[in-house]
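Dear colleague,

I am passing on to you the structure that we spoke about, and below it you will find my notes on what came out of the analysis. Please read them with the coordinates open beside you.

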Amino acid sequence: MARFSYGEADNYGGNGGHGFLSIPNDGDVVKVRFLYNKLEDIEGVAVHQIEVDGKKRYVNCLREYGKPVDDCPMCKSGKFVTAKLFIPVYDIESGTVKIWERGKKFFGKMAGLCSRYASKDNLVSHIFEIERHGKKGDTQTTYEIYECGADDTTLEDLPEVPVIIGGLVLDKSKDEMQYFEDYNEFPGAENSSRRSSSEEIPVRRRRTPATSDEDTF
Ligand SMILES: [Zn+2]
């Protein structure tokens with residue numbers, strides 16, 4: 001699986017993205033906890049963006065950095081690889097877990113926060129305000145992150161972090177990816193409408209959404 005740690009982040013190209021945690025307008029502020037203890041808990045994912053049933057989805061790239069493109073059918077067919085962070089945050093106002101989708105450059109920001117706030121205690125025990133600087137659609141948008149207090153909250157006190165690889169990010173085998181490259185759909189559940197048997201009511205089986213915000217994806 002193409003996951004990477006902070007030290008490896010520069011090996012991957014690409015940046016940008018939009019979050020399930022929505023901070024849509026210039027000056028908007030949200031109050032969150034990052035659902036991590038230490039920097040080592042933070043993992044990037046190298047993904048391909050594809051369309052499944054008319055929806056944009058990410059699929060986990062099967063190629064480790066530096067390995068041949070033969071390891072991943074989507075790399076082999078020339079699909080772009082993007083390095084992403086899917087940062088789980090606890091949105092204090094709504095009391096729910098959301099995913100903040102960031103580009104790999106954000107690893108540096110998270111590393112900075114961890115070195116300041118996760119050395120003697122855990123990052124999750126701190127409350128942060130994230131403030132957007134940049135108008136809607138502005139690709140130069142930045143986010144200021146301010147620490148505004150800590151307590152003894154632990155990860156166990158908060159809702160479970162959604163599965164990223166195998167949930168939000170589709171986790172497919174090499175064969176399944178090759179099938180997608182050949183037929184533009186995944187084998188099995190995704191093409192249930194093709195079934196000829198009239199006995200069977202076609203059921204579109206879906207993976208359990210990782211977050212309730214999935215439809216905004
Ligand atoms: Zn790939």
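To begin with the metal site of this predicted model, the zinc ion has as its protein donors NE2 of His48 and the SG atoms of Cys61, Cys72 and Cys75, which lie 2.1 to 2.3 Å from the ion. The angles that the four donor atoms subtend around the zinc ion run from 99 to 117°, and since four donors count as tetrahedral if all angles lie between 85 and 135 degrees, the arrangement is therefore tetrahedral. Along the sequence, the spacing of the donor residues follows the pattern H-x12-C-x10-C-x2-C. Histidine 48 belongs to strand S3 (residues 44-52), while cysteine 61 sits in the loop between strand S4 (55-60) and helix H1 (73-76), so this pair ties together parts that are 13 residues apart in sequence. Histidine 48 has a relative accessible area of 0% and is buried, and cysteine 61, with a relative accessible area of 2%, is buried as well.

As for the overall fold, the protein has three helices and nine strands, and from the N terminus on the order of the elements is β-β-β-β-α-β-β-α-β-β-β-α. Of the 217 residues in the protein, 41% are buried.

The second largest pocket may interest you for your own calculations. It holds about 300 Å³ of space, and its lining consists of 13 residues, of which Asp41, Glu43, Val161, Pro162 and Ile164 lie nearest the centre of the pocket. Sorted by class, that lining comprises 10 nonpolar residues and three charged ones, with no polar residue in it.

Turning to the aromatic side chains, the count comes to seven aromatic pairs. One of these pairs is formed by tyrosine 179 and tyrosine 183, whose rings are 4.5 Å apart from centre to centre, with 45° between the planes; this pair counts as tilted, because that class takes in the angles that are neither under 30 degrees nor over 60. Both tyrosine 179 and tyrosine 183 lie in helix H3 (residues 174-183), where they are four residues apart, about one turn of the helix. Tyrosine 179 has a relative accessibility of 24% and counts as partly exposed. Elsewhere, ring pairs link Phe34, Tyr117 and Phe128 into a cluster.

Two residues deserve a look for their backbone angles. Aspartate 53, which lies in the loop between S3 and S4, has a phi near 50°, a positive value in a residue other than glycine, and with a relative accessible area of 47% aspartate 53 is partly exposed. Asparagine 184, placed in the segment after H3, likewise is not a glycine and yet has a positive phi, of about 60°; at 58% relative accessibility, asparagine 184 counts as exposed.

Finally, I noted some pairs of residues that are separated along the chain, with their C-alpha distances. Tyrosine 65, in the loop between S4 and H1, is exposed, with a relative accessible area of 52%, and its C-alpha atom is separated by 9.4 Å from that of alanine 46, which is 19 residues away along the chain. Glutamate 101 is part of strand S6 (residues 96-103), and although its side chain is of the charged class, glutamate 101 is buried, with a relative accessible area of 0%. From C-alpha to C-alpha, glutamate 101 and isoleucine 87 are 6.2 Å apart in space, and they are 14 residues apart in sequence. Glutamate 129 lies in strand S7 (residues 126-133) and is partly exposed, with a relative accessible area of 27%. Its partner in this list is tyrosine 146, 17 residues apart from glutamate 129 along the chain, and the two C-alpha atoms are separated by 5.1 Å.

With best regards

Key. Residues numbered from 1 in each chain as written. Predicted model: local features only at pLDDT ≥ 70, side-chain atom pairs only at ≥ 80, totals over all residues. Heavy atoms only, no water. 1 Å grid on protein atoms, 1.4 Å probe; cavity = no way out; pocket = protein on both sides within 12 Å on 5 of 7 lines; lining within 4 Å. Points joined across faces, edges and corners; volume = space filled by probe spheres on them. Donors = N, O, S within 2.8 Å, 3.2 Å for Na, K, Ca; no water. Tetrahedral: all angles 85-135°; square planar, octahedral: opposite > 155°, others 65-115°. Helix = DSSP H or I, 4+ residues; strand = E, 2+ residues; numbered from the N terminus. Buried < 20%, exposed > 50% of the residue type's maximum accessible area, 1.4 Å probe, protein only. Phe/Tyr/Trp six-rings, centres within 6.5 Å; stacked < 30°, edge-to-face > 60°.
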